[in-house]
Amino acid sequence: MEKAPAAPHPDYDLLRPIEDPGKSFYYIVAVLLVIILYAGYVYIRQVYYGLGVTGMAQPVTWGFYIVNFVFFIGISHAGTLISAILRLSKAEWRRPITRMAEVITAIVLAIGGLHPILDLGRPDRMANLFYNGRLQSPLLWDIVSITAYFTASTVYLFIPMIPDIAILRDRGVKPRWLYEFLSWGWQGTEQQHKVLDRAMNILMVVVIPIAISVHTIISYIFAMTVQPGWHSTIFGPYFVVGAIFSGIAAILVLMIVFRKIFHLERYLKLIHFNYLSVLLLVMSLLWFYFTFSEYLTGYYGHEPNEMRVFWYKFSGAFAPYFWTMVTCNFLVPLILLSNRKTRTIPGILIASISVIIGMWLERLIIVVPSLANPRLPYPTGIYIPSSTEWTLFIGGVSVFILGYMMFARFFPVISVWEIQEGRQESVKAVTERITSYMPDPQPPLAKERYTGSMENG
């Protein structure tokens with residue numbers, strides 16, 4: 001018996017990638033799987049031969065793996081934190097953006113959290129943190145905060161998805177057993193909506209301090225040492241600002257890519273890109289302020305070991321990376337996003353990719369130069385990443401792309417029910433909110449007195 005086609009849906013554009021993924025989806029998945037399998041083989045080879053196959057050596061014992069760990073965890077701030085802030089502030093333009101952002105967090109956190117295990121060489125050493133972990137160590141706090149953030153972010157992603165999963169269930173989309181299981185019997189009753197709103201409100205409040213704590217604690221791993229260039233009191237907010245900065249850039253790139261591939265121009269409008277790009281410009285200025293403060297205070301202190309790292313970055317072996325970082329994180333966004341004529345989709349895409357590259361270089365510049373120039377009187381270390389590290393980096397990026405594609409294959413990347421809710425309730429809600437901002441009407445008695453006093457001179 002031939003199956004009846006699903007009923008037309010007003011937001012079918014959001015359901016099309018699930019109901020009709022097309023052949024290109026499978027081709028891309030196949031390519032990504034090949035890359036990931038090869039990266040897995042390279043990792044097994046590293047476990048067999050040891051960390052000698054990487055470019056790390058004394059004194060540079062942290063390389064790409066820790067750089068990528070800090071970078072990926074930073075990107076994760078794109079999702080849950082920004083989504084929670086937009087929801088709490090009741091920004092109506094958030095509706096097509098929040099889920100795309102939340103998915104980034106869940107996938108990138110999982111990838112970033114694996115990098116310290118790559119850096120350990122022997123993965124079984126990870127168990128030492130649980131058996132012999134010390135409360136004084138930021139490494140232990142880091143595991144706790146990342147685990148808490150991953151758990152909260154996954155729940156925060158899943159709860160608002162339930163009504164959309166129920167839509168897919170009711171349309172008979174396969175695998176139906178998956179949608180029936182994950183929809184939790186959702187029927188869209190008033191009581192269910194109240195419970196959903198209450199759960200989201202609680203998660204919004206809980207997830208913000210957890211998100212901020214994650215990158216603050218990562219900064220403590222550096223700042224609580226006496227390594228030149230790391231022992232800084234502003235590393236906590238500096239890392240958080242950088243994380244949000246790179247996260248917004250990642251969201252913008254994904255929005256532009258999905259808008260183009262899935263023809264989502266009706267949902268992701270220029271105004272969404274305009275608001276987010278202005279936010280990206282503000283974060284660029286804030287990043288420059290923190291960077292300037294960090295290096296200015298180090299320069300005025302003129303402590304010999306600090307200055308060794310300082311000049312290593314400004315005019316030494318890492319100068320090309322340092323000035324490229326400043327160009328990518330400050331000059332390019334400032335030039336492209338501060339001018340309306342260049343604040344277009346192509347301009348925003350260039351600025352966002354530039355920021356992602358610049359923020360990866362920033363993590364590299366924080367990690368390697370300090371280790372290459374230790375406080376002890378050793379000669380300057382040399383770090384050249386090997387093909388093993390490059391392959392695992394590309395493998396990590398491929399896992400992210402594959403994870404996002406698989407999510408988009410089974411779930412809407414834009415919340416369907418929130419778009420529908422916005423159409424029905426946004427105008428009334430925004431009108432009431434604006435009315436509440438305005439001054440109250442003048443009382444009749446006061447108005448008469450004012451008019452009388454004006455007439456009497």
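**Helices, core and surface of the predicted chain**

In helix 7 (residues 138-158), the residues that count as buried are Pro138, Leu140, Asp142, Ile143, Ser145, Ile146, Tyr149, Ala152, Ser153, Tyr156, Leu157 and Phe158. The model in which this helix is found is a predicted one. The length of helix 7 can be checked against expectation: its 21 residues, at 1.5 Å a residue, should span 30 Å, and the C-alpha atoms at its ends are 30 Å apart, so the two values agree.

The loop between helix 6 (127-132) and helix 7 holds Leu135. Leu135 has a relative accessible area of 67% and is therefore classed as exposed, a class that begins over 50%. When neighbours within four places in sequence are left aside, the contacts of Leu135 are with Leu140 and Trp141; of this pair, Leu140 is among the buried residues of helix 7.

Helix 15 (residues 345-372) was examined in a similar way, and its 28 residues reach 40 Å from the first C-alpha to the last, which is close to the 40 Å expected at 1.5 Å a residue. This helix is mostly covered, with 22 of its 28 residues buried. In the protein chain as a whole there are 18 helices and zero strands, and 51% of the 457 residues count as buried.

The largest nonpolar core comprises 130 residues, of which Phe222, Tyr404 and Ile414 touch the most other members. Helix 11 (residues 235-261) contributes the largest share of this core, namely 16 residues. A second core, separate from the largest and made up of five residues, includes Phe25, Val29, Leu32 and Met405. The surroundings of Ile414 were also examined: with residues up to four places away in sequence not counted, Ile414 touches Leu14, Arg95, Pro96, Arg99, Met100, Asp164, Leu264, Tyr267, Leu268 and Ile419.

Contacts across the protein chain often link positions far apart in sequence, since among those between residues at least 6 apart, 81% join residues at least 24 apart. Taken along the principal axes, the box filled by the C-alpha atoms is roughly 90 × 80 × 45 Å. The protein chain exposes about 23000 Å², and 68% of this area is supplied by carbon and sulfur atoms. Its charged side chains number 35 positive and 28 negative, and the centres of these two sets lie 4 Å apart.

Definitions and conventions. Residues are numbered from 1 along each chain as its sequence is written. This is a predicted model: local features need pLDDT of at least 70, side-chain atom pairs count only at pLDDT 80 or more; totals for chains, interfaces and linings use all residues. Side-chain values use heavy atoms; hydrogens and water are left out. A nonpolar core is a set of buried Ala, Val, Leu, Ile, Met, Phe, Trp, Tyr and Cys residues joined through side-chain atoms within 4.5 Å. Buried means under 20% relative accessible area, exposed over 50%, partly exposed in between (1.4 Å probe, protein chains only). Helices (H or I, at least four residues) and strands (E, at least two) are DSSP runs, numbered from the N terminus. Contact means heavy atoms within 4.5 Å. The expected span of a helix is 1.5 Å times one less than its number of residues. Accessible areas come from the Shrake-Rupley method with a 1.4 Å probe; for residues, only the protein chains shown count as cover. Lys and Arg count as positive and Asp and Glu as negative; His and the chain ends are not counted. The place of a charge is taken as NZ of Lys, CZ of Arg, CG of Asp or CD of Glu.
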